[in-house]
Amino acid sequence: MNFIERERSTMGSRIYIEELSKHVGETVTISGWVYTKRSSGKIRFLVVRDGTGMMQAVIVKANVSEEVFNRFDELTQESSLRVTGTIRKEDRAPGGYEMDVSGLETISVAKEYPITPKEHGVEFLMDRRHLWLRSARQHAILRVRHEIVRAIREFFDSRGFLLLDAPIFTPAACEGTSTLFETDYFDLGKAFLTQSGQLYGEAGAMAFGKVYVFGPTFRAEKSKTRRHLTEFWMVEPEVAFNTLDDDMDLAEEFLEHIVASVLKNRMPELKILERNTKFLENVKRPLPRISYDEAVEILHKKGIAFEWGNDLGGTDETVISERYDRPVMVHRYPSQVKAFYMKRDPKNDKLALAVDVLAPEGYGEIIGGSQREDDYETLLARLHEHNLPQSAFEWYLDLRRYGSVPHAGFGLGVERTVSWICGLDHVRETIPFARMIYRLTP
RNA sequence: UCCCGGGUAGCUCAGCGGCAGAGCGGCUCGCUGUUAACGAGAUGGUCACAGGUUCGAUCCCUGUCCCGGGAGCCA
């Protein structure tokens, strides 16, 4: 018998911790890592994680060979192992099930693991993000993120939207405002990392009617706050023949679906995160809709010196969103603070047909959208007003030359949404490996 | 870029113009139901870096570096 065969002969059937309840009374093997261990002399406890959950394994001196019993001593935190034993329902154990160990095999003894069950600072943990991902809280957050991404795709897929992947290298600024990451691109000069797939989404909408772009986006702004990453994920639906009102209808139905999916499928994770789900249960249609003018009025009534024509700042957004128990839509912003492609309000040329959705509890803007300018001459004039190079936008102008129609869309920031739904105090925990102004590793 | 706060043991922090501290982790010992186990013990330091003031600086001053979150900008 070779090594592998010998090892296999001592194992029960291999299962995952998430399916323990189906194997009560059976002898099975769990492959995983040591989360923590405790000893009380002749009875020893090993908390094993395998990626799907945690299980307490109990090693009783009287029930196992001396070799197995002593093997416990060499196991350090995060050592990898295979543990075999009988599964038993046990109310004292976290998860409700426990293993009575009969066999224990060390795969690799871990060196002294830096992340102990005690508290650590943000810098320390972010420097070890690759290890931090193993902890229960990070599991909960990333599983909620996964659920949100799944719900996003389910929402659009079930409504006949086509997933349209936009390029990441772009020839010029999409919106002309943000600072972009720049890189050399062979003989073609400079390329920029995309800050939005929206313009390509518009081309897709003219081709397929309704599409969504879902991918990473990049902003080289030197923002250093709890709401900013330099690389983040955005989902951007775009629908031909939609108006601003249609756009807002879509956005609120979309948000309702995402939140409902998380509440339905990820309650244990929200509990680990100690999230008060009362706020999330309120996320039902209709969401309140107020105009920018009304928002300014609210700020003035609160005694905030806010000048009409400016964009809402983070504090202003918090003041407005605090008045509601669910996300609030603010529409028709001054066109001077919005992007060149947004259509002006036919009733007031100073306003853009734009909408921002502000999350409650001070989480700020999670959605930004608009009806797009569909008139060729107007769009051309806007390009020039914003000093954008017409040549880089000829293809975009083609969308207005050949069968232009009203259309609208929006972008939702995935990390801000995860942060809000999980109730986190910083977006850096919502993505496996955050990229920020002073963080490029690990 | 600006404003504010911070950097002391592996980690989280306290401290103070006059011998460098605690809790936790790791290590040793004990314990048959632990849940961040518990009890006992030993170990652990370039007080971010460079100048300056002083009899004496981890502490006060100046500069630099790094971190945090806020403004601006944005999802």
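How many nonpolar, polar and charged residues make up the surface near RNA strand B? The views below begin with that surface.

**View 1. The surface near RNA strand B in a predicted model.** Here 13 residues are nonpolar, 12 are polar and 19 are charged. Nonpolar covers Ala, Val, Leu, Ile, Met, Phe, Trp, Tyr, Cys and Pro; charged covers Asp, Glu, Lys and Arg; the others, Gly among them, count as polar. In total, 44 residues surround RNA strand B. A residue is near the strand if one of its heavy atoms lies within 4 Å of it. The closest are Arg38, Glu98, Lys118, Arg226 and Arg416. Of the atoms of RNA strand B that come within 4 Å of the protein, 48% belong to sugar and phosphate.

**View 2. Helices and strands at the RNA surface.** Strand 17 (364-371) gives the most, with three residues. Other elements that each supply at least two residues include strand 2 (27-39), strand 3 (43-49) and helix 3 (122-127). Helices (H or I, at least four residues) and strands (E, at least two) are DSSP runs, numbered from the N terminus.

**View 3. Polar atoms of Glu119, Gly121 and Arg227 beside RNA strand B.** Each pair is a polar contact, a pair of N or O atoms within 3.5 Å; within protein, one must be able to donate a hydrogen and the other to accept it, and residues adjacent in sequence count only if both atoms are side-chain atoms. A polar backbone atom of Gly121 sits 2.7 Å from a phosphate oxygen of the RNA. For Glu119, a polar backbone atom is 3.0 Å from a sugar or linking oxygen. Arg227 uses a polar side-chain atom, 3.4 Å from a base nitrogen.

**View 4. Two cis peptide bonds, at Pro286 and Pro442.** One joins Arg285 and Pro286, with omega about -10°. Pro286 is in the loop between helix 9 (278-281) and strand 13 (289-291). The other joins Thr441 and Pro442, with omega about 0°. Pro442 lies in the segment after helix 14 (414-422).

**View 5. Positive phi at Glu274 and Arg332.** Phi of Glu274 is near 55°. Glu274 lies in the loop between helix 8 (267-272) and helix 9. Glu274 is exposed, at 72% relative accessible area (exposed means over 50%, with a 1.4 Å probe and protein chains only). Arg332 has phi near 60° and lies in strand 14 (residues 328-334).

**Notes.** Residues are numbered from 1 along each chain as its sequence is written, and chains are lettered from A and ligands numbered from 1 in the order in which they are written. Local features need pLDDT of at least 70, side-chain atom pairs count only at pLDDT 80 or more, and totals for chains, interfaces and linings use all residues; side-chain values use heavy atoms, leaving out hydrogens and water.

Definitions and conventions:
Buried < 20%, exposed > 50% of the residue type's maximum accessible area, 1.4 Å probe, protein only.
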